[in-house]
Amino acid sequence: QVQLVESGGGSVQAGGSLRLSCVTSRSLFTINAVGWYRQIPGKQRELVARIPLGGRTNYADSVKGRFTISRDNAKNTLYLQMNSLKPEDTAVYYCNAGRWEGPTYRDYWGQGTRVTVSS
């Protein structure tokens, strides 16, 4: 299993920045992919950014050039640096970890952290 604890959400004005953090209970090298997703009430959860183990990072088109996902393997921590924030970035952001456990691929989620961007 993987436990994920997020922090760093809050309220900011448009154009501002926030950094989200997600501490994992396992070494990032034992997780096949880590990433950030977000959800607006009444809408489906959507991918923001994702790093597959040994693969290329991918971003949602809406955040390219503004958000940066990174990882600190020594601290078992995933980050999301969010710059030039827009009101449409307002959502609950979730950390995700996916890993193969035997024949089954399992997704794990953090509790979510709210980001509010005002115009």
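So, Val-5 on strand 1: its bridge partner over in strand 3 is Val-23. And keep in mind that we're looking at a predicted model here. Strands 1 and 3 run antiparallel, with 4 bridges joining them. Strand 1 also has two faces: Leu-4 and Glu-6 sit on the covered one, while Val-5 and Ser-7 are on the uncovered one.

Okay, moving across from there. Strand 3, residues 18–24, is joined to strand 8 by 6 bridges, again antiparallel. If you want a residue to look at, Leu-18 stands opposite Met-82 of strand 8.

Put that together and you get an open sheet of 4 strands, antiparallel, in the order 1-3-8-7. Strand 1 (4–7) and strand 7 are at the edges with a single partner strand each, so each has one side with no neighbour in the sheet. As for the twist, neighbouring strands in this sheet are turned by 15 degrees against each other on average, ignoring direction.

Now the loops. Which residues other than glycine have a positive phi? Asn-76 is one of them, with phi near 50 degrees. Asn-76 is in the loop between strand 7 (67–72) and strand 8 (77–82). Ser-84 also has a positive phi, about 50 degrees, and again that's not a glycine. You'll find Ser-84 in the loop between strand 8 and strand 9 (91–101). Ser-84 counts as partly exposed because its relative accessibility is 40%.

On to charges. How many salt bridges are there? The count comes to 6. Let me take you through some of those.

Asp-61 and Lys-64 meet through their side chains, at 3.1 Å from N to O. With 64% relative accessibility, Asp-61 counts as exposed.

Then there's Arg-66 with Asp-89, a salt bridge at 2.8 Å, N to O. Arg-66 is in the loop between strand 6 (58–59) and strand 7, and Asp-89 is in the loop between strand 8 and strand 9, so this pair ties together parts that are 23 residues apart in sequence. Buried or exposed, these two, Arg-66 and Asp-89? Both are buried.

One more pair: Glu-101 forms a salt bridge with Arg-99, and their closest N and O atoms are 3.0 Å apart. Glu-101, at 22% relative accessibility, counts as partly exposed, whereas Arg-99, at 11%, counts as buried.

And last, a network: Arg-38, Glu-46, Arg-66 and Asp-89 are joined into one by salt bridges that share partners. That's the tour, happy to go back to any of it.

How values were computed: Residues numbered from 1 in each chain as written. Predicted model: local features only at pLDDT ≥ 70, side-chain atom pairs only at ≥ 80, totals over all residues. Heavy atoms only, no water. Buried < 20%, exposed > 50% of the residue type's maximum accessible area, 1.4 Å probe, protein only. Pairing = 2+ DSSP bridges. Axes fitted to C-alpha atoms, helices over the stretch in contact; angles between N-to-C directions. Salt bridge = Lys/Arg side-chain N within 4 Å of Asp/Glu carboxyl O.
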